[in-house]
Amino acid sequence: MDLTLGFGLNESATELVVYSAHNKTVEAKNKSTSKKTEAKPEKVLSHGHWPKELQEKFNKLKIAKDFKGEAGETLSLTMENGSVALIWGLGDKSKMTREGLRKTTANLYKAISGKYAEATIFVDGFLGKDKEESLKAMTEALLLTEYVFDRHLSVKKTPKLQKLTLATEEKKTAAKKWEAVINETQVVCKAINFARDLINESPNYLNSETYPKEVEKDAKKLKHTKIKILGRKEIQKEKMGMFLAVNAASHYDPHLVHLTYSHPKAGKNAKHIALVGKGLTFDTGGYSLKPGPSMMNMKFDMAGSAVVYAVFKAVAELELPIKLSCFLGITDNTISNHGTVPDSIVTARNGKTVKILNTDAEGRLVLGDVVDYACDYKPDVIIDVATLTGAILVALGSEVCGLFSNDDKLAHELLKSAKNSDEYMWHMPIIDEHKNDLKAIMADYKNIGSSPNGGSAKGAAFIQYFVRDGISWAHLDIAGIGDSQAHLPYCPTKGASGLVIRTLLDYVRKA
Ligand code: BES
Ligand code: ZN
Ligand code: ZN
């Protein structure tokens, strides 16, 4: 969809023009003064700019009496020139939130994208107090809702809507800033949709050999970016025994994609942030095989790596003046006669031995070695993102991202960025008792605790063993929020959500 900003309103230009309406609560006038009972406040229609023709048409309508601009209320009228005026109810405008605006814009897109090839939304009535911020939210909603994954469908889902103008009566002097908001949001949403494509792709297309190639092809286009990809031999040379144990049964080689972005304007004291992503292109569970229903959709077990790559891509395309590294641990977890059997003891890159009691707790094994590798580059902060545990769904539901950290300040900053991005995130504990529960008798550690209780916290505690002293670290468990966010109209009901990318971008910009 071609999305542009229009200054001034040219109503005849498109088939459809969308106007906003909202309701205001006013004190009802008490008609009979003799009545002692107080009149109830009334909800009345209120709106900003409506052209004269629309106002006149609306006034003549009988049903207009009942139209109060409630949230979800809509009315469409045909104008003299044949175009349609759609009045979109927003409810009480003073109660409208930024996320509410995102949701209503997503619903608006869904209502019009199948019916009209060209449309204009008159945005001024939609925007809240901070106009640029709400313009950004509206743009995000439009571009994220437009996303479809139809590459394997014989009939594509191309929407009718091809050209959308966001029209405003704002002074032309705002053009530069507003256009910058739209352009920047387009870059971010393109990166989010790129990650969604990777996550949604089937494992028979996207495996641990094709996935790194896709990333490399894309990363080659990025400025100030260096790419290093470690294959099986290099991973063996690095002595990543845990990573290799997960890959042991695979038909495909494992890969560690290491990207560095360093903007020349990033000051000497600029924080170096490293993002680490779990990239399991499919998780069968290995010998600790998942039952059929739990295995379905395990193609999305590489969502963490796609999310961190999307953050990296957006940072580089926006040429932000920062230093950022990105490490993707890519393999699948399958079964064959070469597979790692439970009870195996392997040596991690950091020299510690680990008893693999459950081959389905594989994400922490890959991440442990990759986090240790990332520590070599002495980042100030490491944030790993992973679909690590089913237990996070039990703890937080499928709507909330679990946050674990060894640094309360970092945790607080991430929570703030999540709030700024209207994404749900909750701070979870890391305690010594959980770490102790991961100590083994015949090896230094074991990869699961003695009881499944607190599964997500124990998974996080395991990864922390591989974070070197002095490095602030956070772990985001996205097993719940990674896909199928049906409660968010700007996310597909089924398939990759792309959540947490906006939060991480907010964080790296401010760090
Ligand atoms: N990839 C899964 C986690 C997962 C489960 C993501 C459900 C999304 C939905 C992970 O590798 C896994 O299997 N974890 C185990 C850990 C357990 C064996 C300690 C789990 O959650 O059951
Ligand atoms: Zn698993
Ligand atoms: Zn997994």
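Donors here are N, O and S atoms within 2.8 Å of the metal, and water is not among the atoms, so sites may look incomplete. With that in hand, the donors of the zinc ion (ligand 3) follow the spacing K-x4-D-x17-D-x60-E along the chain. The model is a predicted one, and everything below should be read that way.

Filling in the names for ligand 3, the zinc ion picks up K278 through NZ, D283 and D301 through OD, and E362 through OE, with distances running from 2.0 to 2.4 Å. Six donor atoms surround this ion at angles of 77 to 172 degrees, and the site comes out as octahedral.

Next door is the other zinc ion, ligand 2. The two zinc ions, ligand 2 and ligand 3, are 3.2 Å apart, and D283 coordinates both. For ligand 2 the coordinating groups are D283 (OD), D360 (O), D360 (OD) and E362 (OE), at 2.0 to 2.2 Å; D360 thus shows up with both its O and its OD. Along the sequence, the donor residues of this zinc ion are spaced D-x76-D-x1-E. The geometry is less tidy on paper: the six donor atoms of ligand 2 span angles of 71 to 167 degrees, and the site is classed as irregular.

Then there is ligand 1, which sits in the largest pocket. Its surroundings consist of 16 residues, with K290, D301, D360, E362 and G390 the closest. Sorted by class, that shell holds seven charged, five nonpolar and four polar residues.

Some of the metal-site names come back at this point. D301, one of the residues coordinating the zinc ion (ligand 3), also has a polar side-chain atom 2.8 Å from a nitrogen atom of ligand 1. E362, listed for ligand 2 and for ligand 3, likewise places a polar side-chain atom 2.8 Å from an oxygen atom of ligand 1. The backbone takes part as well: a polar backbone atom of T387 lies 3.4 Å from a nitrogen atom of ligand 1. As for how much of the molecule is wrapped up, the protein covers 77% of the 510 Å² of accessible area that ligand 1 has on its own.

Put together, D301 and E362 each appear in the coordination of ligand 3 and among the closest residues to ligand 1, while D283 is the bridge between the two zinc ions.

Notes. Residues are numbered from 1 along each chain as its sequence is written. Chains are lettered from A and ligands numbered from 1 in the order in which they are written. This is a predicted model: local features need pLDDT of at least 70, side-chain atom pairs count only at pLDDT 80 or more; totals for chains, interfaces and linings use all residues. Side-chain values use heavy atoms; hydrogens and water are left out. A residue is near a molecule or strand if one of its heavy atoms lies within 4 Å of it. A polar contact is a pair of N or O atoms within 3.5 Å; within protein, one must be able to donate a hydrogen and the other to accept it, and residues adjacent in sequence count only if both atoms are side-chain atoms. Accessible areas come from the Shrake-Rupley method with a 1.4 Å probe; for residues, only the protein chains shown count as cover. On a 1 Å grid over the protein atoms alone, a cavity is a set of points where a 1.4 Å probe fits but cannot get out, and a pocket is an open set with protein on both sides within 12 Å along at least five of seven lines; lining residues have an atom within 4 Å of a point. A molecule sits in a cavity or pocket if more than half of its atoms lie within 2 Å of its grid points. Ala, Val, Leu, Ile, Met, Phe, Trp, Tyr, Cys and Pro count as nonpolar, Asp, Glu, Lys and Arg as charged, and the others, Gly among them, as polar. Four donors count as tetrahedral if all angles lie between 85 and 135 degrees; four count as square planar and six as octahedral if opposite donors are over 155 degrees apart and all others between 65 and 115; anything else is irregular.
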